Amino acid sequence: MHTHLTPFDLRAWKEGNRHDHRAGWKGVSPEFGEITLTCPLPRTSPESLVSEVRGGRLPTASFEARGMHVEGMRLPGLNRSTLRVGDRIVYVTRNRFGATLEQRALEMRYAGDHYRLAALDKRGHVLSRAADDEDPGVRITVRESGRGKGRRLSVHVDGRAEGGDLSLALIFAGVDRSALTRAGAVRAGLSRVTHFWTESQY
């Protein structure tokens, strides 16, 4: 069911020790109830890194990156990743060669709807669901602010959203989105140039 959402905040939290460390964001949406984003979950394998959002009336969402490259990462990244909302896999594509924020945005298909996730900068992102014959679409902005114990995620929704929309928007607060930013585009471009140059020397 689509509904208008009151803006709300999630606050930073952490607990546990070095071997069972948990951290992320917690808060309450007036419409969807208590929400917990854990990023990441305690590792069950050195080659798997998972963030998860659950609680209230939201479908549980998880974002998992797998492979040797995740061993030194703090959050799961976009490479070799799997995104799930409820019992559905979300199909994600992106243009690695895009030069602008819009060109580098993620394109997603979930429950028959088309979504786009774009970076605003390194501390914020926006998720848009495309309009269709039955609904004018929605735009959810998630932005981090503050430092230390005062850190918070502010969530603002333009349009009417359902639980899956909100789960999708929030899970990316627990993902390394740097590849979607302008700085990420520059780094990726330099990496490709270096890779091509190295390959040409053999």
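This is a conversation about how certain labels are earned in a predicted model.

Biologist: Why is Asp165 called buried?

Modeller: Buried means under 20% relative accessible area. Asp165 has 0% relative accessibility, so the label fits.

Biologist: Why does Arg129 count as buried?

Modeller: The same cut-off applies, under 20%. Arg129 has 4% relative accessibility, so Arg129 counts as buried.

Biologist: What makes the pairing of Arg129 and Asp165 a salt bridge?

Modeller: A side-chain nitrogen of Lys or Arg must lie within 4 Å of a carboxyl oxygen of Asp or Glu. Here the N to O distance is 2.9 Å. The pair is an Arg and an Asp, so it passes.

Biologist: Why can such side chains pair in general?

Modeller: Side chains of opposite charge can pair when their charged atoms come close.

Biologist: How do you know that the pair links distant parts of the chain?

Modeller: Look at the places of the two residues. Arg129 is in strand 11, residues 124-129. Asp165 is in helix 1, residues 163-171. They are 36 residues apart.

Biologist: Why is helix 1 called mostly covered?

Modeller: Buried needs a relative accessible area under 20%. In helix 1, nine of nine residues are buried, so the helix is described as mostly covered. Among them are Gly163, Leu166 and Ile171.

Biologist: Which residues are linked with Arg129 and Asp165 in a network of salt bridges?

Modeller: Asp135 and Arg160 are linked with them.

Biologist: Where does Asp135 lie, and why is Asp135 called buried?

Modeller: Asp135 lies in the loop between strand 11 and strand 12. Its relative accessible area is 6%. The limit is under 20%, so Asp135 is buried.

Biologist: What makes the link between the side chains of Asp135 and Arg129 a polar contact?

Modeller: The N or O atoms must be within 3.5 Å. The two side chains are joined at 2.9 Å, so the distance is met. Asp135 also has a side-chain polar atom 2.8 Å from the backbone nitrogen of Gly137.

Biologist: Which residues is Asp135 in contact with, leaving aside neighbours within four places in sequence?

Modeller: They are His2, Arg129 and Arg160. Contact here means heavy atoms within 4.5 Å.

Biologist: How many salt bridges does a search of the whole structure find?

Modeller: The search finds eleven. One of them joins Arg54 and Glu52. Their closest N and O atoms are 2.9 Å apart. The cut-off is 4 Å, so this pair qualifies.

Biologist: Are Arg54 and Glu52 buried, partly exposed or exposed?

Modeller: Under 20% is buried, over 50% is exposed, and partly exposed is in between. Arg54 has 41% relative accessibility, so Arg54 counts as partly exposed. Glu52 has a relative accessible area of 15%, so Glu52 is buried.

Biologist: What makes Arg151 and Glu144 a salt bridge?

Modeller: Their side chains meet at 3.2 Å, N to O. That is within 4 Å, so the label holds.

Biologist: Why are Arg151 and Glu144 called partly exposed?

Modeller: Arg151 is at 28% relative accessibility. Glu144 is at 22%. Partly exposed lies between buried, under 20%, and exposed, over 50%, so both values fit.

Biologist: Which residues are closest to the centre of the largest pocket?

Modeller: They are Cys39, Pro40, Arg74, Leu75 and Arg151. The lining has 36 residues, and the pocket volume is about 940 Å³.

Biologist: Which strand gives the most to that lining?

Modeller: Strand 3 does, with four residues. The lining divides into 15 nonpolar, seven polar and 14 charged residues.

Biologist: What kind of peptide bond joins Cys39 and Pro40?

Modeller: A cis peptide bond joins them, with omega about 0 degrees. Pro40 is placed in the loop between strand 4 and strand 5.

Biologist: Why is Arg80 called exposed, while Ala111 counts as partly exposed?

Modeller: Exposed means over 50%. Arg80 has a relative accessible area of 62%, so Arg80 is exposed. Ala111 has 38% relative accessibility, so Ala111 counts as partly exposed.

Biologist: What is the phi of Arg80, and of Ala111?

Modeller: Phi of Arg80 is near 50 degrees, positive in a residue other than glycine. Phi of Ala111 is near 55 degrees, also positive in a non-glycine residue.

Notes
Residues numbered from 1 in each chain as written. Predicted model: local features only at pLDDT ≥ 70, side-chain atom pairs only at ≥ 80, totals over all residues. Heavy atoms only, no water. 1 Å grid on protein atoms, 1.4 Å probe; cavity = no way out; pocket = protein on both sides within 12 Å on 5 of 7 lines; lining within 4 Å. Points joined across faces, edges and corners; volume = space filled by probe spheres on them. Helix = DSSP H or I, 4+ residues; strand = E, 2+ residues; numbered from the N terminus. Nonpolar A, V, L, I, M, F, W, Y, C, P; charged D, E, K, R; others polar. Buried < 20%, exposed > 50% of the residue type's maximum accessible area, 1.4 Å probe, protein only. Polar contact = N/O pair within 3.5 Å; in protein donor to acceptor, adjacent residues only side chain to side chain.
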